Amino acid sequence: MKPMHGAYLFKALKDKGCIIMACNTRIAPGTMKGLFRAAKDSDSALILELAKSECDVNGGYTGLTPKKLSELACKYAAEVGFEEWALHADHTAVKKGTPEELEEVKKLLSVCIDAGYTSFAMDASHLFNFQGKNVEEELADNIRCTTECANHIKKEYTKKYGAKEGKEFGLEVEVGEIGRKNTGGMILTKPEEAAAYIKALNKNNVFPQVLAIANGSTHGNIYDKEGKPIEQVTIDIPQTKKVAKALRKIESYVRIAQHGITGTPLKFIKELFPHGDIIKGNVGTFWQNLFWEVIEKEKPELYQDAYNWVMKTYKDEAVKKGMKSDVEIWGTYGKFATKQFFERIYDLDKNTIKKIENKTCEEALKFFDAFKAKGSAKIVREYVESIGV
Ligand SMILES: [Zn+2]
């Protein structure tokens, strides 16, 4: 079952007080079907995504190419019979902004479009001119590269689906590198910076629906100085609201994508997140953690082999970086075991996969509840009907 055009989800659910859950399915078996089942059961719109680092033409660190990811997602969506989902390229990173790099990124985007992706995140947030005299100068390279890549997507997407109104891809852009720190702590995206960035893109005829900002979260699992796992409660809610307000003030329909939700307590999400200001919530590492928790119990030999491989391969580097515990090293570098143990993971028996699927479904339902997303798929269906495509 093919994904919907990404813009359907973002446009239908704008200002409806809910957050669309976007899941990085680094490991497909059990995880994907569990997510689709939960989406179907609660009638919640869903996004599946992987970043460029996780999935590219060479398989990234998950061993999945865009084509393979798309095939698997479509297969499980069909098994469950769920339609209100989009396939998203998370963090399509541009880090240098050179012509060579841009060509490579555009090639990857074409591969994703060919594979059936319907939504894309351009991430040129690393390009920041600290010598810039004003916001426009600071963000000039980000704006230039994001525009060039967005135009490329527009051209290729139109070639594939035609120019008929409504057949519009989802577009997320990023200002302020997520998790970046200086001596004073986390660097947060300023409201005027977000507004100037969107204004400049709009002026270039680029119209994203979603904006990723740096608002105090970090990707992946997080740990204290001793290497003990801690909760993610550093997301700056007032700052996030201010950014959303600045976007509304320039009459933009862009809303915020919250990255790095793994580790955030559900109660914090449900009660404190500004649902509606935030429209997309990325949950990635959580599903990987869940997978390995089930494997530790059900297939201890696979878990032990993966764990030992991670320690053997990354411990020296991790210690050099100041990591204090094996728990932290496994929690940080464990993602690289996905490709290394790809065959054994994708060859798991039905019973084990079912356990992963059931547990994923159970946990996803809790997230949909905290995101106030239950029933959001119905709103998407009605929207699609209303635009008559
Ligand atoms: Zn992210």
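**Reading the barrel strand by strand**

User: What is the bridge partner of Ala-22 in β10?

Analyst: Within β10, Ala-22 has Asn-282 as its bridge partner, and Met-21 has Gly-281. Residue numbers start from 1 along each chain, following the sequence as written. The model is predicted, with local features requiring pLDDT of at least 70 and side-chain atom pairs counted only at pLDDT 80 or more, while totals for chains, interfaces and linings use all residues.

User: How do you know that β1 pairs with β10 and with β2?

Analyst: Strands here are DSSP runs of E with at least two residues, and helices are runs of H or I with at least four, both numbered from the N terminus. Two strands pair if DSSP finds at least two bridges between them. Strand β1 (residues 20-24) is joined by 4 bridges to β10 (residues 278-283) and by 4 bridges to β2 (residues 46-51), parallel in the first case and in the second, and therefore both count as pairs under that rule. On the β2 side, Ala-22 has Ile-47 as its bridge partner. From β1 the chain passes through helix α2 (residues 31-42) to β2 in a right-handed β-α-β crossover, a label given when, with the strands pointing away from the viewer, the path from the first strand over the helix to the second runs clockwise.

User: In what order do the 8 strands close into a barrel?

Analyst: The order is β1-β2-β3-β4-β5-β8-β9-β10, with parallel pairing. From one strand to the next the twist averages 25°, where axes are lines fitted to C-alpha atoms (for helices over the stretch in contact) and angles run from 0 to 180 degrees between N-to-C directions.

User: What makes Val-173 count as buried?

Analyst: A residue is buried with 20 or more other C-beta atoms within 10 Å of its own, exposed with 12 or fewer, and partly exposed in between, the C-beta atoms being placed from the backbone. Val-173, in strand β5 (residues 170-175), has 28 such neighbours and therefore counts as buried. Beyond four places in sequence, the contacts of Val-173 are Met-122, Thr-146, Leu-201, Pro-208 and Leu-211, a contact being a pair of backbone-placed C-beta atoms within 7 Å.

User: Why is Lys-106 called partly exposed?

Analyst: Lys-106 has 18 other C-beta atoms within the counting radius, which falls between the two limits and therefore places Lys-106 in the intermediate class. Lys-106 lies in helix α4 (residues 99-115), which lies across β3 (85-93) and β4 (119-123) and runs at about 170° to β3. Leaving aside neighbours within four places in sequence, Lys-106 is in contact with Cys-149 and His-152.

User: Which residues touch the most other members of the largest nonpolar core?

Analyst: A nonpolar core is a set of buried Ala, Val, Leu, Ile, Met, Phe, Trp, Tyr and Cys residues joined through C-beta atoms within 7 Å. The largest has 105 residues, and those touching the most other members are Leu-9, Ile-20, Met-21, Trp-85, Phe-120 and Leu-211. A second, separate core has 5 residues, among them Val-310 and Ile-329. Ile-329 is also one of the buried residues of helix α12 (residues 326-333), whose cover includes α11 (300-320).

User: How many residues of β1 are buried, and which way do they point?

Analyst: Of its 5 residues, 5 are buried. Ile-20, Ala-22 and Asn-24 point one way and Met-21 and Cys-23 the other. Side chains alternate between the two faces of the sheet in a regular strand.

Methods. Two residues are in contact if their C-beta atoms, placed from the backbone, lie within 7 Å.
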